[in-house]
Amino acid sequence: QVQLVESGGGAVQTGGSLRLSCSFSRRTYSPYVMGWFRQAPGQEREFVASISWSIGNTFYSDSVKGRFTISRDNAHNTLYLQMTSLKPDDTAVYYCAARDDPTNVKWDYWGQGTQVTVSS
């Protein structure tokens, strides 16, 4: 079992920036891909961004492309999400997730989530 722990959420005004972090406990763990998702009140969880853990290929949802940057620090088992030009629509609980199997669409591990609130 792998535990994912997010941090870095908070409250900012429109146009502000935040950086989320997600660390995992098992030092020998090497996922195929890690990603960020978010869930706003009353809405379904949605994909934000992903990164292949070994190569570093990234993918973003259209709603955050150009404003958010996903990155990872393999040596420190940490995933990041740098968020800039934040908007009230970005308000949500943000979750990191990891997937081991490249052929499986199901994500294997999830963090507990961190709240991001953007005020106008």
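**Exercise 1. The link between two cysteines**

With 55 degrees about the S-S bond, the link of Cys22 and Cys96 is right-handed. The model is a predicted one, in which local features need pLDDT of at least 70, side-chain atom pairs count only at pLDDT 80 or more, and totals for chains, interfaces and linings use all residues. Residues are numbered from 1 along each chain as its sequence is written, and side-chain values use heavy atoms, with hydrogens and water left out.

Task: Find which parts of the chain the pair of Cys22 and Cys96 ties together.

Solution. Begin with the rule, by which a disulfide is a pair of cysteine sulfur atoms within 2.5 Å. Cys22 and Cys96 are joined in this way, with 2.0 Å from S to S, and the count by this rule comes to one disulfide. Next, place the two residues: Cys22 lies in strand 3 and Cys96 in strand 9 (residues 92–99), so the pair ties together parts that are 74 residues apart in sequence. Strands here (E, at least two residues), like helices (H or I, at least four), are DSSP runs numbered from the N terminus. Finally, check the surroundings: Cys22 and Cys96 are buried, where buried means under 20% relative accessible area, exposed means over 50%, and partly exposed lies in between (1.4 Å probe, protein chains only).

**Exercise 2. Aromatic rings**

Task: Decide whether the pair of Tyr29 and Tyr109 is stacked, tilted or edge-to-face.

Solution. Rings of Phe, Tyr and Trp (its six-membered ring) pair if their centres lie within 6.5 Å, and planes under 30 degrees apart count as stacked, over 60 as edge-to-face and the rest as tilted. The structure holds seven aromatic pairs. In one of them, the ring centres of Tyr29 and Tyr109 are 5.8 Å apart and the planes stand at 90 degrees, so the pair is edge-to-face. This pair links distant parts of the chain, since Tyr29 is in the loop between strand 3 (18–24) and strand 4 (33–39), while Tyr109 is in strand 10 (residues 109–110), 80 residues apart. Tyr29 and Tyr109 are both buried.

Task: Name the residues that form one aromatic cluster, and state over which rings Arg45 lies.

Solution. The cluster is formed by Phe37, Phe47, Phe59, Trp107 and Trp110. For the second part, a charge sits over a ring if NZ of Lys or CZ of Arg is within 6 Å of the ring centre and within 35 degrees of the ring normal. The charged end of Arg45 sits over the ring of Tyr95, 4.0 Å from its centre, and Arg45 also lies over the face of Trp110, at 4.4 Å from the ring centre.

**Exercise 3. An open sheet**

Task: Work out which strands are the edge strands of the open sheet.

Solution. Two strands pair if DSSP finds at least two bridges between them. The open sheet has four strands in the order 1-3-8-7, with antiparallel pairing. Strand 1 (4–7) and strand 7 (68–73) each pair on one side only, and these are the edge strands. Looking at one pairing, strand 7 and strand 8 (residues 78–83) run antiparallel and are joined by six bridges, and Arg72 stands opposite Leu79 in strand 8.

**Exercise 4. Two residues with positive phi**

Task: State whether Asn77 and Ser85 count as buried, partly exposed or exposed.

Solution. Most residues other than glycine have a negative phi. Asn77, in the loop between strand 7 and strand 8, nevertheless has a positive phi near 50 degrees, and at 10% relative accessibility Asn77 counts as buried. Ser85, in the loop between strand 8 and strand 9, also has a positive phi, of about 50 degrees, although it is not a glycine; at 40% relative accessibility, Ser85 counts as partly exposed.

**Exercise 5. Contacts**

Task: List the residues that Ser61 and Glu46 touch, leaving aside neighbours within four places in sequence.

Solution. Contact means heavy atoms within 4.5 Å. Ser61 is found in the loop between strand 6 (58–60) and strand 7, counts as buried at 13% relative accessibility, and is in contact with Phe47 and Val48. Glu46, in strand 5 (residues 46–52), is partly exposed with a relative accessible area of 34%, and Glu46 touches Phe37 and Arg38.
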